[in-house]
Amino acid sequence: MPRVLLLQVRDDPRAEAQEVRCFLQATGLPPPELTCHNLVAEPRLGWRRVRQHAVVMVGGAGAHSVTTAHPFSEALAETLRRLVAESRPLFASCYGHHALVAALGGRVVTDPASGEVGTFDVELTPAGRRDPLFGELPRRFPVQLGHHDRVDRLPAELIELAASERCRYQALRCHGKPVYSTQFHSEMTVSQMEERLEMYRDGYLPRRTTGQELACLLRPSEAVAGLLRRFLASYC
């Protein structure tokens with residue numbers, strides 16, 4: 001049985017396929033070891049299927065927001081709560097980061113003024129520097145970001161590991177459990193981020209943004225390139 005389940009929230013087939021490629025590259029998994037479930041196409045998510053996997057990962061969403069109810073919202077929230085309750089390995093990125101916070105009783109808001117599109121630096125908190133996974137990263141490092149929502153209030157179960165100047169709560173961990181989430185995309189390289197932003201140009205970029213202007217928003221994010229592989233090595 002494939003050991004990793006990737007939960008996706010994608011209504012664009014190009015973005016869905018590209019996200020799978022990004023996670024395969026970032027984790028180093030061979031394709032047979034990654035199962036993908038797109039909640040937009042299949043809103044129902046049975047626990048029997050989820051529990052067959054050693055690790056669950058949650059990707060981004062593009063056009064979807066946690067602040068709006070969707071047909072899959074409650075099924076995803078219930079799955080995330082159960083994963084946390086059973087201390088099962090979970091790594092959630094971007095939309096998944098917001099979904100985890102909301103599922104545990106925190107608050108997520110839409111706030112374009114705090115949005116980040118491109119490559120930004122984040123800095124580890126004291127808890128992040130002590131964390132077994134994030135503590136191996138530099139104190140300050142660049143990451144790929146594309147969001148208009150942000151975490152406004154943490155639930156009691158989560159602790160802050162990293163923040164940026166514009167947007168707090170960039171990385172979180174559940175106390176004492178193999179459960180992590182990041183606002184940023186540790187699964188994407190700079191070239192993959194450029195490709196993704198081209199797909200969601202209308203929703204994330206100012207009108208008439210040229211390819212050269214887009215490239216200027218981006219820098220390599222090599223510090224987090226091995227984060228998902230180390231997560232799997234530590235908790236799978």
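**Entry 1. Helix 3**

I began with the rule that the expected span of a helix is 1.5 Å times one less than its number of residues. I note at the outset that the model is predicted. I applied the rule to helix 3, residues 73-85: its 13 residues should span 18 Å, and its end C-alpha atoms are 18 Å apart, so the two agree.

I then asked which residues of helix 3 are buried. I found L76, A77, T79, L80, L83 and V84 to be so. These residues cover an arc of only 165° around the axis, which puts them on the same side of helix 3. E74 and A85, on the other side of the helix, are exposed.

**Entry 2. Two residues with positive phi**

I looked next at what follows helix 3 and came to S87, with a positive phi near 55°. S87 is not a glycine. I located S87 in the loop between helix 3 and strand 4 (90-93). Its relative accessibility is 34%, so I entered S87 as partly exposed.

I recorded C94 beside S87. C94 also is not a glycine, and its phi is positive, about 55°. I placed C94 in the loop between strand 4 and helix 4 (95-103). Is C94 buried or exposed? Its relative accessibility is 7%, and buried means under 20%, so C94 counts as buried.

**Entry 3. The sheet**

I traced an open sheet of nine strands with mixed pairing, in the order 2-1-3-4-11-10-9-6-7. Which strands stand at the edges? I found strand 2 (34-38) and strand 7 (140-147) there; each has a single partner strand, so one side of each is left without a neighbour in the sheet. Neighbouring strands of this sheet are turned by 25° against each other on average, direction ignored.

**Entry 4. Strand 3 and its partners**

I followed strand 3 (residues 55-58) to its partners. With strand 1 (residues 4-8) it pairs in the parallel sense, over four bridges. Within this pairing I noted that L5 stands opposite V56 and that L7 has V58 as its bridge partner. With strand 4, strand 3 also runs parallel, and three bridges join the two. Here M57 stands opposite F91.

I also checked the two faces of strand 3. Both are covered: V55 and M57 are buried on one side, V56 and V58 on the other.

**Entry 5. Helix 6 and R196**

I turned to helix 6 (residues 190-199), which packs on the sheet and touches strand 6 (116-124) and strand 7. The direction of helix 6 makes about 20° with that of strand 7. I listed its buried residues as Q192, M193, R196, L197 and M199. Seen down the axis of helix 6, they fall within an arc of 150°, so they line one face of the helix.

I singled out R196, a residue of helix 6. The relative accessibility of R196 is 5%, so it counts as buried. What is R196 in contact with, leaving aside its neighbours within four places in sequence? I found R10, Q18, E19, C22, H185 and M188. I also compared R196 with L172: the two are 24 residues apart in sequence and 24 Å apart in space, C-alpha to C-alpha.

**Entry 6. Helix 1 and helix 9**

I recorded the packing of helix 1 (residues 13-27) with helix 9 (residues 227-235). Two packed helices are described by the angle between their axes and the distance between the axes. In this pair the axes come within 7 Å and cross at roughly 65°. I listed the residues that meet: F23, Q25, A26 and T27 from helix 1, and L228, R229 and L232 from helix 9. By character, the residues of this contact divide into four nonpolar, two polar and one charged.

I then examined burial along helix 9, where L227, L228, F231 and L232 are buried. Seen down the axis of helix 9, these buried residues fall within an arc of 135°, so they line one face of the helix. On the other side of helix 9, A233 and S234 are exposed.

What covers the buried residues of helix 9? I noted that the cover includes helix 1 together with strand 1, strand 3, strand 4 and strand 11 (179-182). The entries on the sheet and on helix 9 thus belong side by side in this notebook, for strand 1, strand 3, strand 4 and strand 11 appear in the strand order of the sheet and in the cover of helix 9.

Technical notes. Residues are numbered from 1 along each chain as its sequence is written. This is a predicted model: local features need pLDDT of at least 70, side-chain atom pairs count only at pLDDT 80 or more; totals for chains, interfaces and linings use all residues. Side-chain values use heavy atoms; hydrogens and water are left out. Two strands pair if DSSP finds at least two bridges between them. Axes are lines fitted to C-alpha atoms, for helices over the stretch in contact, and angles run from 0 to 180 degrees between N-to-C directions. Contact means heavy atoms within 4.5 Å. Buried means under 20% relative accessible area, exposed over 50%, partly exposed in between (1.4 Å probe, protein chains only). The arc is that of the directions from the helix axis to the C-beta atoms. Ala, Val, Leu, Ile, Met, Phe, Trp, Tyr, Cys and Pro count as nonpolar, Asp, Glu, Lys and Arg as charged, and the others, Gly among them, as polar.
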